[in-house]
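Me: I've just opened this one and I'd like to go through it piece by piece. Could you start with how the elements are named?

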Amino acid sequence: MIGIVVVSHSAALAEAALGLALEMVHGERPRIALAAGTPDGGFGTDAARVAEAIVEVAGDDGVLVLMDLGSAVMSAELAVELLDEPAPRVELSSAPFVEGLVAAVVTAAGGGSLDAVRAEAEGASAAKREHLGDDGDDAAPAPTAAPGTDGDVVTAEVVIVNPVGLHARPAAELAGLLGRLDADVRLANASSGAGPVPGASVLGIISLGVQQGETLRITATGAQARDAVDAVLSAARAGFGELGDGDTESG
Amino acid sequence: MARTSLTVADLVAWTQRFRDLMVEHRAALTELDSAIGDADHGSNMARGMQSAVEKLEQTAPETVGAWGKSVGMTLVSSVGGASGPLYGTFFLRFGASGGDATELDAAALGAALRAGLEGVLARGKAEPGDKTMIDALGPALDAFDAAVDQGLEAAIAAARDAAAAGRDATEPLQARKGRASYLGERSIGHVDPGATSTAYLFDALATATGSAA
């Protein structure tokens, strides 16, 4: 699992943003370190502290650094220069601070690679833009609708039983599951017509807005297409681990 | 007789003099920053330079590199605002340029200052005219280089004068970097606090080295 460093001028802001992001994670959390505010409780950033935080959370999978504005960005860049060799792999993300942190934490908890987590974080404002009808040129590219053509197409549909639908936590579990299989999986909300989106994209899945009782359509190609569809069906019927023992018949 | 080189002790004296100026002008710098920034430049720089001087008093550096690293890392950790990574990078790169040297002649001082400027440019991505410390630092180094043939003290004095002129020239500019850039045209008419502290940096260099002419 990758590590995440949160750089902010404000310790309170960093803690609150992290708290919001961790609401979405119920299993194993990524290693996360905060480098925020000055030691005396004021506003500011400290490149030496950022470098320490990177080392604290670094593992074999690399570290993603999220920043708020101004000196947070410069301190993060300087921190990378201050790291002792051999330095861990570090990526500084241009993602929006709050949305990016939520996406990063959820995607990392789902087992996403550093590149995948960074991409999710940096595309994290797409949902807000879409909601507001603000389709700027810099909007995230729409996921391609057509599945790959290498091999047979496997499709299936399943009714989502989770009480609050396919929200962030089950979306993270689903994306993590599909990310580990050799298959190109597209998911769509058959009830509302939303999608399709790539199955490995947490934010894509969340953007489908699948509510309890709505139908998720799965389309898969590739070597493990059948396994992927079976895995989605099985996980969906089990409520992505969110249902208590007494609830499994409720959907 | 005019001096021809700076020792590490001179660099420490420069640091102390800059600290004195930051403490003395703390309120005025913060006042400038309150017009176009977050009103903390004076207090941040005074605190950072006080920490830097205390660090030098605890562990006396023996080389230019050790001095630059000590001052730079202390600023990085104790300033808080954007001046931390910017001035921190300036002193770190200055020190790296000097390396194991224990004295800097005029050419070596020019090279070290230039390395510091390039570090600030790389870190802040600001260009001349963006209403930042670069608008004092850049002209100071150009003036230093132009006067370097006249000797160390003349070059430092020329750099000090150019830094002050560069500071004054930021008043009519519109900020394009940092939080001041959010103010747009409202940033016009105020001298930039970062350019002001940089002018003091060269003022301190001139007085600490007796190059006040």
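Reply: Sure: helices (at least four residues) and strands (at least two) are DSSP runs, counted from the N terminus. Keep in mind that this is a predicted model. Using those names, A:Pro196 sits in a loop of chain A, and the elements on either side of that loop are strand E6 (184–189) and strand E7 (197–198).

Me: What kind of peptide bond joins A:Gly195 and A:Pro196?

Reply: Look at omega for the bond between A:Gly195 and A:Pro196, which is about 10°. That peptide bond is cis.

Me: And where in chain A is A:Pro86 found?

Reply: A:Pro86 also comes after a cis bond, this time from A:Glu85, with omega near -5°. As for its place, A:Pro86 is in the loop between helix H3 (71–82) and strand E4 (90–92) of chain A.

Me: Staying in chain A, is H1(A) parallel or oblique to H4(A)?

Reply: Helix H1 (residues 11–22) and helix H4 (residues 97–109) of chain A have axes 9 Å apart and pack at an angle of about 45°. That angle is why H1(A) relative to H4(A) is oblique.

Me: How many nonpolar residues does the contact of H1(A) with H4(A) have?

Reply: The crossing of H1(A) past H4(A) is right-handed. On the H1(A) side the contact includes A:Leu13, A:Ala17 and A:Leu20, and on the H4(A) side A:Phe97, A:Leu101 and A:Val105 are among the residues met. Sorted by class, there are no polar and no charged residues in this contact, and the nonpolar count is 12.

Me: Over to the interface: how many salt bridges does the rule find across chain A and chain B?

Reply: In terms of residues, 16 of chain A are in contact with 17 of chain B. One salt bridge joins the side chains of A:Glu81 and B:Arg93, with 3.2 Å from N to O. For the interface of chain A and chain B, the number of salt bridges found is four.

Me: What area is buried between chain A and chain B?

Reply: Interface size is often given as accessible area lost when the parts come together. Between chain A and chain B, carbon and sulfur atoms give 57% of the buried area, which is about 1300 Å².

Me: In chain B, how many polar residues are in the contact of H2(B) with H3(B)?

Reply: The axes of helix H2 (residues 26–36) and helix H3 (residues 41–58) of chain B come within 6 Å and cross at roughly 140°, which makes H2(B) oblique to H3(B). H2(B) brings B:Arg26, B:Leu29, B:Thr30 and B:Asp33, while H3(B) brings B:His41, B:Gly42, B:Ser43 and B:Ala46. Of these residues, two are nonpolar and two charged, and the polar ones number four.

Me: How are H7(B) and H8(B) placed to each other, roughly parallel or antiparallel?

Reply: H7(B) and helix H8 (residues 152–168) of chain B have axes that come within 7 Å, crossing at roughly 150°. The cut-off here is 145 degrees. H7(B) and H8(B) are therefore roughly antiparallel.

Me: Last one: what is the phi of B:Lys125?

Reply: B:Lys125 lies in the loop of chain B between helix H6 (106–124) and helix H7 (134–147). Although B:Lys125 is not a glycine, its phi is positive, at about 55°.

Conventions
Residues are numbered from 1 along each chain as its sequence is written. Chains are lettered from A and ligands numbered from 1 in the order in which they are written. This is a predicted model: local features need pLDDT of at least 70, side-chain atom pairs count only at pLDDT 80 or more; totals for chains, interfaces and linings use all residues. Side-chain values use heavy atoms; hydrogens and water are left out. Axes are lines fitted to C-alpha atoms, for helices over the stretch in contact, and angles run from 0 to 180 degrees between N-to-C directions. Angles under 35 degrees count as roughly parallel, over 145 as roughly antiparallel, 65 to 115 as roughly perpendicular and the rest as oblique. A crossing is left-handed if the near helix is turned anticlockwise from the far one by less than a right angle, and right-handed if clockwise. Contact means heavy atoms within 4.5 Å. Ala, Val, Leu, Ile, Met, Phe, Trp, Tyr, Cys and Pro count as nonpolar, Asp, Glu, Lys and Arg as charged, and the others, Gly among them, as polar. Buried area is the accessible area (1.4 Å probe) that two parts lose on being put together, summed over both.
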